[in-house]
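Here are a few short exercises to work through with the model open beside you. Try each task before you read its solution.

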Amino acid sequence: MNVASGIVFQVLQSVLVLLIAPLMLGWVNQCRAWLQNKSGAGVWQPYHVLHKLFHKDAVLAHNASPLFRATPYILFGCMWLAVGIVPVLATSLPFAPAADVVALVGLFALARVFVSLAGMDVGTSFGTLGARREMMIGFLAEPAMLMTLFTASLISQSTSLVTIVDTLAHREFVIYPSMAFAAVAFLMVLLAENARIPIDNPSTHLELTMIHEAMILEYSARHLALIEWAASLKLTAYITIGFAIFMPWGIARAGDWVGLPIALAALMLKLAAAGAGLALLETLSAKMRIFRAPEFLGTAFLLATLGMLTHFLLEI
Amino acid sequence: MEFSALQPIEAAVTLSVIWIGLGTIGLAGMRAPRFITGVVFPAGALVSLALAVTGLWAIGAPTSSAILPAGLPDLPFHVRLDALSGFFLLLLGGVSFGVSLFAAGYFRDTEPATLGLLTLQYHVFLASMAFVLIADDAYLFMVTWESMALSSYFLVTTEHHSETNRRAGFIYLLIAHIGALGILLCFGVLHGGHGDYTFAALRAADLKGYWATVAFLLAFFGFGAKAGMLPLHVWLPEAHPAAPSPVSALMSGVMLKTAIYGMVRVIFDLIGNIRWEWGLTVLLFGAATSLFGVLFALMQHDLKRLLAYHSVENIGIILIGIGLAMVFIGSGLPVAGALALIAGLYHTLNHAVFKGLLFLGAGAILKSTGLRNLNEMGGLIRYMPHTALYFLVGALAISALPPLNGFVSEWLTFQASLQAPQLASSVVRSLVPIVAAVLALSGALTGMCFVKVYGIAFLGQHRHEVAVKPREASGWERAGMLWLAIACLALGLLPVFMIGEINKVSLALTGTGLSSEALASGWLWLAPTSGVQASYSPVVFLLVIAAVFGLTFLLVRHFYHGRLRRADPWDCGFPAQTSRMQDSADAFGQPIRQIFAPAFLIQREIPRADDPQPVFTQSVKDRHWRAIYLPIAYFTEFLSGHVGKLQQGRISVYLLYSFVTLIALLVFAQ
Amino acid sequence: MADSFLIDALRSGVDGSIDANVGPRPSDLTLRLGRTGDLPAAAAVLIGSHAMALATVVATDETATPDGDLKVRYVFEPIVPGTTDRFVTLLISVDAACPEAPSLTAAVPAANWHEREMQDLFGIVSVGHPDPRALVVHDGWPRGVFPLRKTFDGSRHVAVEPADEFPHLVAEGEGVFEIPVGPIHAGIIEPGHFRFTSVGETVLHLDARLFYTHRGLEKRMEGLAPLDAFYVAERICGVCSVAHGMGYCEALEQIAGVDAPPRARIIRSIALELERLYNHVGDIGNICAGAAFHYGTATGAYLKERLQQMNERLAGNRFLRGLVIPGGARLDLPDDLLRVLVATLQDTLAGLDSLMGRIEANPSVVDRLDDTGVLKHQAALDLAVAGVAARASGVDRDARRDHPHGAFALPEPPDLHVVTVPKGDAMARVTVRAREARESIRLVGEFVRRLEPGPLRVALAEPLPGGRIGISAIESARGEAVHWLRTDALGRVERYHLRSPSYHNWPAVALAAETAIVPDFPLVNKSFELCYSCTDR
Amino acid sequence: MLRILINALRTGVVTTRYPAEPSVPPERFRGAPMLRPGSGLPPPAVCPTGALSEHFDAGRRHVALDLARCVFCGRCAEDPWAGAVAMGRDFELAARCRDDLRIEVVADDLTVPAAELAAGPTPDPNAEAARAASEIHRVLGRSLHLRHLDAGSCNACDWELAALLNPVYDVRRLGIDFVASPRHADGVVVTGPVTRNLETAVRRTVEAVPDPRVVIAVGACAASGGIVGEGYASAGGVDRVLPVDVYIPGCPPRPEAILFGILVALGRLDARRQPREGGRVGAAPAVSLC
């Protein structure tokens, strides 16, 4: 692979995803507003919010430790690395070999552990409560995620996303039953991991029901901005992972400059569709009881494992 | 020139003897505690370092063996140092270096009499472990095995005035000897009644029919008992916390690994021609062990007990690796087998390092606050920042988070399990991924558990009103933890080197190593099979995150500002916030209690709604006690009615039994 | 007759003397107990053998009068549907020098807060109270200062003093921790402090501390001309403006001895039903918010908004303030507005039906509501729970029927269907709200049809007769509110007391919450949807 | 499920375009009272909240109405004063300064145009405040996150704040939102007179909000104590406890009035204080910062 073009692709993708992540969030919120008969804040609102937050003076609890201050940056770093690894536009990414899907899951776990620790740092009841729930969701979502990715990796005999995309994207279209299972499981994990309904309610105003929000109640100004941005990056990362595995069409091959615009267009279309779908899901269903969440994610886990078994029993 | 003549084995023996010497010096010099803590332990640490170097050297060097001028008449001790022993010596030396440094600071306030004995037992313990690793005949192996058990027993019961500690010690020794008997019988079977008891002979002996399987089962459960494998784990959470923290670190970090060593030595080396059914057995027991271990760890609020249960879990993960190796080798896939074996051994090393570190951290906390109960800790990061940092490294490592070492070995295990499609039998093929799922689950649960530990012990507000502010650990102690923390980082960031070494072990042991392309990929990229299939680069990982960290920090400062105001934590406008308003350890475990309720034996009393003084009590117990051990206990009681003469319940007697059996077998063999 | 029977029963029940006389209303009865010690026994007779419940407790400071004592009136009302509209008052006199009264709480749980409030505001110690912590006055309130005593000057501001922590009732045990929530909540909610003790998610105990919004309105009204005081009564609570304003008016009209003309009565009832309607519809939407069901939230809010916009057209105020006035109705409802009204209610009905359909058809929502925050039937009776909460636990009470007011006091009252559901969980409360909203729409339609031309208001005598008592009970959106008003010699307000439905329902919330898990509490709370402001006053 | 989607799409977007398009309240709506100079003006005793006051200056009766106190009950516009006072339909009454909410007319002299008799202390344009306001406009102009703070209101104002989030008003479209934690907020909207039991909480909450921040007093109680006034349990207005940036009169103010006030606080709209029919007098926009 031509190194120069690789680096160009890498930089291009990292910057692009970094910039469109808030737009993604804005789009989801806009769709949700429309479905609630509201005119909505417009897709650019997240940028305004970030801009404002960076401008504000941070407020920090007296007993906040360095870990608390470092976490937003670590979080941001993890998520940016994640979107740098997932082949979004093209498969020629110098960073891609740094982490295969397993390492990717590990990366998300790292981020989750740090944000939970930060939630417990100040020692308020909501922070600890949020950390507990977050870890509860996390420890269930993580294996489910791994199983989904394994199923995908079994078909291409590789856990490296680039290889997966290359094998799946550029071969004649085949429907694998195992992938169907995996796709459903992945969707469930996506909802859980990104604190969306039915697991968590991103727009809740009730401390007692919060999961993700509760951990970041103490954050303000630039720290909050980074966390919000990281959250939108995470959402985008998950959605693009989903694309890479389940609908990799349009992603350009290594160093394929002509494919780039097509890839970009395809990406935008896919993201728009995904955002609208997410908003629709969130409008249709209510948040489930906290102890239904294990059932929900347990189902995801079983579906994924089932997918893997079907692969072994039917597809080999 | 003189040195070049020196064989690794000689170095190893010498160093172990020096250890014993140091121990006796310690006993002699118990009048001068400063001397013991200031000189003896550091010296022991240096010996450890030397031993580690020897081990590393031995992995590369050709196998060297010797016959000791000691032992019974015409039953000399054979010792041998091959790559496998070398690897474990490296582990022993590397971990005990940090632990001895820590001990130098930790034991400063122990009263002289205890200290003297403790020093002796401590170093004898180390030496006997070293000998276990280099023993080359069943006789020496058993003797050192027993002395290892005995010395560690005395260490466990150092605070012998506490009833629980004595009970812990008793259970420990009991199960240790059930295990020892298993091992003994295994040697007996391998010996098959002819030849002598050198491993060479045992290796040569070919077993017909089911005898091989019998030998395997005996070895598996014999060593499993020592390793704390389900369902023989119950002694572990009792014994390890009871010991002084450095000793806990050694027991969890190193002693369990001698059991792994024995298992690998006997199954891969002595028995040979492995069957995949055996592998499956190991695999399933490993999976069960890891899951149960972590579930029970989540229920604990005693920090050291919690860590002990995590040892159970990690032994499970190691067994998964070894089991996978056996499955692959047994079904004629040596390369995949090598990968799995390397994963298992690498995790053995990693667990030794980070578990040692965590136990030392727990020791530091215990020393400065006198607390083991998480529900009373909190906010320690503000009093002991260094310890907090080292403990964080250990916690991230054990939670299998990149870019630290725990993740590497789990990653390798996953990669190994993804070789499953090559397997012939579709049943095994689909069982392996399920085990991988269990591994993933227990990995995630570990993460949760250590968020609980770290968040509750080090973060938040201090729950326990201590008279004096908790003090930061002393220099020696910090040095010990720092060493192990660095080891965690090094093993995590540059796994390729160590994997290269372990690859040699696998080559020496099974005759196959990793594929050539896997080794070709360079120090930066870890690609166990091939770059196309899977790759991972911790360094890039760390660098990118660090770079983004720094960059964002600077950019935010540059384009905006760094203004900051300190204020009270947000309290819903309700000023009277107390430290009682944060999750307790039990609260943090509650979701798990709820979800995995069947796994536990829970008794709880929930107050009525209209209760004026509501009180809540609950206890979570290990089912195995009721299921397995109590029946046995009743049975033994019933027996003891008849053979009361034998059943004195005194340790010496049990030792006597096992030695008698040993001697008897040997004599019978002559 | 019934009265003599009741009085005999009481006389046989207690040791001391009882002198009985009729009042405050002709159908009512006031029994003055010779010995304060007889109170529990007397209460036991009323509650036990005569199936009555505590309606309200009113203390008055009469040290200035010849009696020179403090008086406490324990007002009871029958709870058996179909019995006559009446209040039975047990009156005891408390010595101002050592103000002590026996505690009823053990026998009558509903008396709990009343007695604690008395203790804070009048300094009347209720002897033997199980939980004598301060209720109304918070941190650093000066000792021995009782705001509702006549000698206390209510107009001066009492500074906040630093205080040691309030003794919250919490559970103990290994690993038990506390979750403090409030007084400032994350949502747009009124202030209250909730102290959960829990291990993880299950609620071991809940201790609620309210009266953060205590504004001293009862004191504020004392000494005002009754017509001025009306504007305060109307503003005790936003979403109960009509109910409270109307309750005050009815009490006042009793004192003045006038009756509001029929047209005014019907207009008042229309206003009351409209208030119920927008409350119930809005609450259903809010419960959806509690379950994070966005469609339901948005739809409920939209329906409520349309109703409030209509309120603004009818009354010039989105909360229907200024429609009711002592002596009748202030604004008439001309036909064009009535047409608007009927039309709006028609599509509200359609919208409500569709919303309820979506909720009941959505398993994820139903699953949240079923078995959440169950309030047992017996508990509802013991605590004298009122309104929706009571009817959702199968208690058949409705002041519109039990104490007819507004249009229901007309010669031939419209028939009223009282909705009850036995289950007592959040879903039951939603169902009750939905059905009552439909019932309200039906009633408004009927009222509009019955609306005859006629006078809107009658003049009240100036000044009003002194020393008289008026009592009224109004079925507000949240249940029965009891107003108690007395004028002084100059015809000014001497004492006004409002016992809002929320006042009796709050303890029930705490009880119901302990059957739920922590993250479900907001849902439980919303399903009761109580006012803090009419509780705290 | 599908039905929900269909319903949602059939209903369509129902959000108003206020403030882009003006909103006309229904004719019964009781907005700012309009005092016609003349002898017919009611005596202060008429007003239940004491918003009306009178003083004699050089033998002339000055009648003043404090919109911050007014609860818009309309009692002063009933007979027999219906001629002298009329309830206007103007609801955009938010002001940065308490004094801007004072309407004063001379009761018994019609020769002098009322506008010039703006006796109330003419607010001096405060440079500091102006800069603060401009910074607020710069930083918070396009995204304002508010924290609601109930300081003892009767919950009418709270409901109106909640209504701002409903599909009809949907303040999010203007970049305004309500958030869970004061740490995330750029300002607080306070309702209620600040009861004694909440004073500490109010102080702590505002303290917890990062700078720059705005404090908006919504409703008569918050602006002045309103019907509650000052008493043993009430401080009688937010500005008794902490500085207020914008006062929004009303009992309760309608959602659009609150919206207007918030936009004034942001400097996205100017407080409309130019003289109106009936002698509503006040400072011009330029000097409305104080």
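**Exercise 1.** How many residues of chain B are in contact with chain A, and how many of chain A with chain B?

*Solution.* Keep in mind that this is a predicted model. Start by counting a pair as in contact when the C-beta atoms lie within 7 Å. On that basis, 67 residues of chain B touch 70 residues of chain A. Next, look for the elements behind the chain B side: helices H16 (405-417), H17 (426-457), H21 (538-559) and H22 (585-595), together with strand S3 (564-567), each supply at least two residues. The top contributor is H17(B), with 16 residues. Finally, sort this side of chain B by class: 42 residues are nonpolar, 17 polar and eight charged.

**Exercise 2.** Find the strand of chain A that pairs with S3(B), and give the sense of the pairing.

*Solution.* Go to residues 58-61 of chain A, which form strand S1. This strand and S3(B) run in the parallel sense, paired over four bridges. To place the pairing, find Ala61(A): opposite this residue stands Ala567(B) of S3(B).

**Exercise 3.** Decide whether chain B is as compact as a globular protein of its length.

*Solution.* First, list the elements: chain B has 24 helices and five strands. Then compare two values: the radius of gyration is 25 Å, and the globule rule gives 26 Å for 670 residues. These are close, so chain B is as compact as a globular protein of that length. Now add the burial: 58% of the 670 residues are buried. Last, take contacts between residues at least 6 apart in sequence; in chain B, 79% of them join residues at least 24 apart.

Note on methods. Residues are numbered from 1 along each chain as its sequence is written. Chains are lettered from A and ligands numbered from 1 in the order in which they are written. This is a predicted model: local features need pLDDT of at least 70, side-chain atom pairs count only at pLDDT 80 or more; totals for chains, interfaces and linings use all residues. The radius of gyration is taken over C-alpha atoms; the globule rule is 2.2 Å times the number of residues to the power 0.38. A residue is buried if 20 or more other C-beta atoms lie within 10 Å of its own, exposed if 12 or fewer, and partly exposed in between; C-beta atoms are placed from the backbone. Two residues are in contact if their C-beta atoms, placed from the backbone, lie within 7 Å. Ala, Val, Leu, Ile, Met, Phe, Trp, Tyr, Cys and Pro count as nonpolar, Asp, Glu, Lys and Arg as charged, and the others, Gly among them, as polar. Two strands pair if DSSP finds at least two bridges between them.
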